[in-house]
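Biologist: Before we look at any single residue, could you show me how to read a model like this one, feature by feature?

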Amino acid sequence: MGKKRNDPEYVVICREFNRPAAKIEISVIDSGVTDNLLKKLIRLRHIDTHRRYFLTTKKNYQKYGAIMKKQVETMSFHGNRHIAELGAELDKERKTENEKN
């Protein structure tokens, strides 16, 4: 009998600024979240800084989903250990490199 894998399932919360409508749009990807998708979203985030993507577990999203959406919309998620921004570490590294040069 095979073991059941206990890998967590992930949810991506997308925060995109719709320039023509001057409005922030929040959408959720709750299935098919793979490493390949995450890499593509990070790439998109670096191409267009008006797009931000956040990762959380499906379990946390089921519990805190409405709060997380509001935090992402207002960018007040700092200190929330249940959600992480995709690509944010790369931005910090670039700023540090630019300051050194």
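**Reading the fold and its contacts**

Modeller: Let us begin with helix 2, whose buried residues are covered by elements that include strand 1, strand 2 and strand 3. Please keep in mind throughout that this is a predicted model.

Biologist: Which residues of helix 2 are buried?

Modeller: A residue is called buried when its relative accessible area is under 20%. In helix 2 that applies to Asn-60, Tyr-61, Gly-65, Met-68, Gln-71 and Val-72. The helix, which spans residues 58–74, packs on the sheet, where it touches strand 1, strand 2 and strand 3, and its direction makes about 155° with that of strand 3.

Biologist: Where is the kink in helix 2 centred?

Modeller: The kink is centred on Tyr-64 and amounts to about 90°. Just after the helix comes Met-75, with a positive phi of about 55°.

Biologist: Before we go on to that residue, in what order do the four strands form the sheet?

Modeller: The order is 2-1-3-4, in an open sheet with antiparallel pairing. Strand 2, residues 23–29, and strand 4, residues 84–85, are the edge strands, each of which pairs on one side only.

Biologist: How many bridges join strand 1 to strand 2?

Modeller: Seven bridges join strand 1, residues 10–18, to strand 2, and in that pairing Arg-15 stands opposite Ile-26. Strand 1 is also joined to strand 3 by seven bridges, again with the strands running antiparallel, and there Val-11 stands opposite Thr-56. Strand 3 and strand 4, in turn, run antiparallel and are joined by two bridges, with Phe-54 placed opposite Glu-85 of strand 4.

Biologist: Why is strand 3 described as largely enclosed by the rest of the structure?

Modeller: The description rests on a count of buried residues: five of the seven residues of strand 3 are buried, so the strand is largely enclosed by the rest of the structure. Helix 1, residues 35–47, lies across strand 1, strand 2, strand 3 (51–57) and strand 4, and runs at about 150° to strand 3.

Biologist: Now for the backbone angles: what is the phi of Ala-22?

Modeller: The general idea is that most residues other than glycine have a negative phi. Ala-22, however, has a phi near 50°, a positive value in a residue other than glycine, and Met-75 has one near 55°. Ala-22 is placed in the loop between strand 1 and strand 2, whereas Met-75 is found in the loop between helix 2 and strand 4.

Biologist: Does the accessibility place Ala-22 among the buried or the exposed residues?

Modeller: Ala-22 counts as exposed because its relative accessibility is 57%, and the cut-off for that class is over 50%. Met-75, at 21% relative accessibility, counts as partly exposed.

Biologist: Which residues does Phe-17 touch, not counting residues up to four places away in sequence?

Modeller: With that exclusion applied, Phe-17 touches Ala-22, Lys-23, Ile-24 and His-50. Phe-17 belongs to strand 1 and, at 34% relative accessibility, counts as partly exposed. A separation along the chain can also be set beside a separation in space: the C-alpha atoms of Phe-17 and Arg-51, which are 34 residues apart along the chain, are separated by 6.6 Å.

Biologist: Let us finish with side chains. With which side chain does that of Arg-52 make a polar contact of 2.4 Å?

Modeller: A polar contact here is a pair of N or O atoms within 3.5 Å. The partner is Glu-85, whose side chain is joined to that of Arg-52 at 2.4 Å, and the side chain of Glu-85 also makes a polar contact of 3.3 Å with that of Arg-45. Arg-52 has its place in strand 3, while Glu-85 lies in strand 4 and counts as buried because its relative accessibility is 10%.

Biologist: What else does Glu-85 touch, not counting residues up to four places away in sequence?

Modeller: Alongside the two arginines, Arg-45 and Arg-52, Glu-85 touches Tyr-53, Phe-54 and Phe-77. Arg-52, under the corresponding exclusion, touches Ile-13, Cys-14, Arg-15, Arg-45, Met-75 and Glu-85, and that list brings back Met-75, the residue with a positive phi in the loop between helix 2 and strand 4.

How values were computed: Residues numbered from 1 in each chain as written. Predicted model: local features only at pLDDT ≥ 70, side-chain atom pairs only at ≥ 80, totals over all residues. Heavy atoms only, no water. Pairing = 2+ DSSP bridges. Contact = heavy atoms within 4.5 Å. Axes fitted to C-alpha atoms, helices over the stretch in contact; angles between N-to-C directions. Buried < 20%, exposed > 50% of the residue type's maximum accessible area, 1.4 Å probe, protein only. Polar contact = N/O pair within 3.5 Å; in protein donor to acceptor, adjacent residues only side chain to side chain. Bend = angle between axes of the 7 residues up to and from the residue.
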